Amino acid sequence: MNVTVFGTGYVGLVQAAVLAEAGHRVTCVDIDENKIERLKQGHIPIFEPGLEPIVKRNNESGNLNFTTDAAAGVAHGDLIFIAVGTPPDEDGSADLRYVLAVARTIAEHMSGKKYIINKSTVPVGTADKVREQVTRTLQERNALNLEFDVISNPEFLKEGSAVADCMKPDRIIIGTSEHASEQKMRQLYAPFNRNHDKVIVMDVRSAELAKYAANCMLATKISFMNEMAVIADKVGADIEAVRQGIGSDPRIGYHFIYPGIGYGGSCFPKDVQALKTTATQLGLEPKVLNAVEERNQRQKHYLLEKIVQRYGKDLSGMTFALWGLSFKPNTDDMREAPSRVLMENLWEMGAKVRAFDPEAMHECERIYGNRDDLQLCGTRDSALSGADALIIATEWQQFKSLDHNTVRDSLKTPVVFDGRNLYDPLDMAEAGFEYFCVGRPRAEACLPPATQPSSI
């Protein structure tokens, strides 16, 4: 099938590459000339495991092409995906200007029937606005005889595993009331739907809400568990034991119940905020969503509170090693990352940061530029050199195995603030560390009195 994808961000590029890998002929359209030229040369603008070889292979075979020519893109695709950004507006609502701009572009250039597929995360009712925009533009052209349909096809990709999620989806939601559109979408996704039927067809508005509901449910699980971790800290319980205890209940499960220092990224913060705004505009009070967002914002300061308790508010002259900059492992995305809250607050208190991340170093440099109080280090061990303490903000695999001797010898004092509960408190105590984590007993509390480390 001939497919066009407007937008080459996380969603658009991954979806386009995977569809091309399945044998469809895909053209990607973007207004960023530099990005398109780099994509033609095989340079991927984002870090996503497994994406680069698929893009290169299908670009070389001719199945995947990149252009800034919107007219050519519209002419190519019978099915046209809108996969552009929907950033939060000042009131928290999703900004639809890019979505509607693409809708207008499609209508300006179409000459036959088009299936317009909304892949962007958009509020309920957006498909109606897209339909209105296309109709209005066709009317301006005196071309109302041209047929089209607007379909909702929300994505459920996780950064860091987006390619796998796209190739082996848990479900494929298709929002349409038109039989012809449903059949076109089933044909498009047939290569990914062979083992059992993963397609769920519903009306457009339900499909639009399903995307927000899914992300808000996952954000709720994270915030709930983080609140339990705060309670565990106060009552002396171990949140890791609690997690195992409740996760064994199949009604709860183990996914998204790992306590930490808050969620970030491009989806959860934006989507919770957008659904809150939608509810408020409808005269509803989104009490649960308000609580989810409030807990997440407070959780991003939780590790900082432990640092202040240990050292005080004046951190002048101190240096902290920071492992992890991206909001989660296997991505270079720092949007809404807890590491940013940590660093910015440490700088305000007078501290310096020596940071390392396997993939997000360039992104960090892009965001903050050159600063006297930030040094980006080439390895995790080099970030430790001369630091007063180690902070862990992202649970990258390479951080999960700790060389106690190297860390202890490199730091001025053996102090670790772990925002992802990567290590066992007893092991850390036995190795001589002051170990602060999230919702677990202090390390020295795990040792008999005679073996507890002396105050530093």
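Two strands pair if DSSP finds at least two bridges between them. With that criterion in hand, the tour of this predicted model can begin at the N-terminal strands.

**Stop 1: strands S1 and S2**

Select residues 2-6, which form strand S1, together with residues 25-29, which form strand S2; the two pair in the parallel sense over 5 bridges. Within this pair, Phe6 stands opposite Val29 of S2. Colouring S2 by accessibility shows a mostly covered strand, with 4 of its 5 residues buried.

**Stop 2: Asp78 and its surroundings**

Move next to Asp78, in the loop that joins helix H4 (70-76) to strand S4 (79-82). Its relative accessibility is 33%, and Asp78 therefore counts as partly exposed. Display the residues around it: beyond the neighbours within four places in sequence, Asp78 is in contact with Asn2, Lys113, Lys114 and Tyr115. A distance may also be drawn here, since Ile116 is 38 residues away along the chain from Asp78 and the C-alpha atoms of the two are separated by 8.6 Å.

**Stop 3: the crossing of H5 and H6**

Select helix H5 (residues 97-109) and helix H6 (residues 126-140). Their axes come within 8 Å and cross at roughly 35°, and the crossing is right-handed. On the H5 side, show Val99, Leu100, Ala103, Arg104, Ala107 and Glu108; on the H6 side, show Thr126, Lys129, Val130, Gln133, Val134, Thr137, Leu138 and Glu140, which together make the contact. Coloured by class, this contact has 7 nonpolar, 3 polar and 4 charged residues.

Which residues does Arg104 contact, leaving aside its neighbours within four places in sequence? They are Gln133, Thr137 and Glu140. Arg104 itself is found in helix H5 and is partly exposed, with a relative accessible area of 30%. Measuring from C-alpha to C-alpha places Arg104 and Thr137 6.3 Å apart in space, although their positions lie 33 residues apart in sequence.

**Stop 4: the open sheet**

Now select strands S9 to S14. They form an open sheet of 6 strands in the order S11-S10-S9-S12-S13-S14, with parallel pairing. At the edges stand S11 (374-376) and S14 (434-436); each has a single partner strand, so one side of each is left without a neighbour in the sheet. From one strand to the next, the twist averages 20°. Helix H15 (residues 361-368) packs on this sheet, where it touches strand S10 (352-356) and S11, and its direction makes about 155° with that of S11.

**Stop 5: strands S12 and S13**

Within the sheet, isolate S12 (residues 389-392) and S13 (residues 415-418), which pair in the parallel sense over 3 bridges. Two positions deserve labels: Leu390 stands opposite Val416 in S13, and Ile392 has Asp418 of S13 as its bridge partner. In a regular strand the side chains alternate between the two faces of the sheet. Is S13 covered on one face or on both? Both faces are covered, with Val415 and Phe417 buried on one side and Val416 and Asp418 buried on the other.

**Stop 6: two residues with positive phi**

Follow the chain beyond S13 to Asn421, in the loop that leads to helix H18 (425-430). Asn421 is not a glycine, yet its phi is positive, near 50°. Buried means under 20% relative accessible area; Asn421, at 10%, therefore counts as buried.

Then select Glu336, which is found in the loop between strand S9 (319-323) and helix H14 (338-348). Glu336 is likewise a residue other than glycine with a positive phi, here of about 60°. In its exposure, Glu336 is partly exposed, with a relative accessible area of 40%.

**Stop 7: the nonpolar cores**

Finish with the interior. In soluble globular proteins, nonpolar side chains tend to be buried together. The largest nonpolar core in this model has 61 residues, and of these Trp323 and Met343 touch the most other members. Apart from that core lies another, of 40 residues, including Val5, Val11, Val14 and Ala20.

Conventions
Residues are numbered from 1 along each chain as its sequence is written. This is a predicted model: local features need pLDDT of at least 70, side-chain atom pairs count only at pLDDT 80 or more; totals for chains, interfaces and linings use all residues. Side-chain values use heavy atoms; hydrogens and water are left out. A nonpolar core is a set of buried Ala, Val, Leu, Ile, Met, Phe, Trp, Tyr and Cys residues joined through side-chain atoms within 4.5 Å. Buried means under 20% relative accessible area, exposed over 50%, partly exposed in between (1.4 Å probe, protein chains only). Axes are lines fitted to C-alpha atoms, for helices over the stretch in contact, and angles run from 0 to 180 degrees between N-to-C directions. A crossing is left-handed if the near helix is turned anticlockwise from the far one by less than a right angle, and right-handed if clockwise. Contact means heavy atoms within 4.5 Å. Ala, Val, Leu, Ile, Met, Phe, Trp, Tyr, Cys and Pro count as nonpolar, Asp, Glu, Lys and Arg as charged, and the others, Gly among them, as polar.
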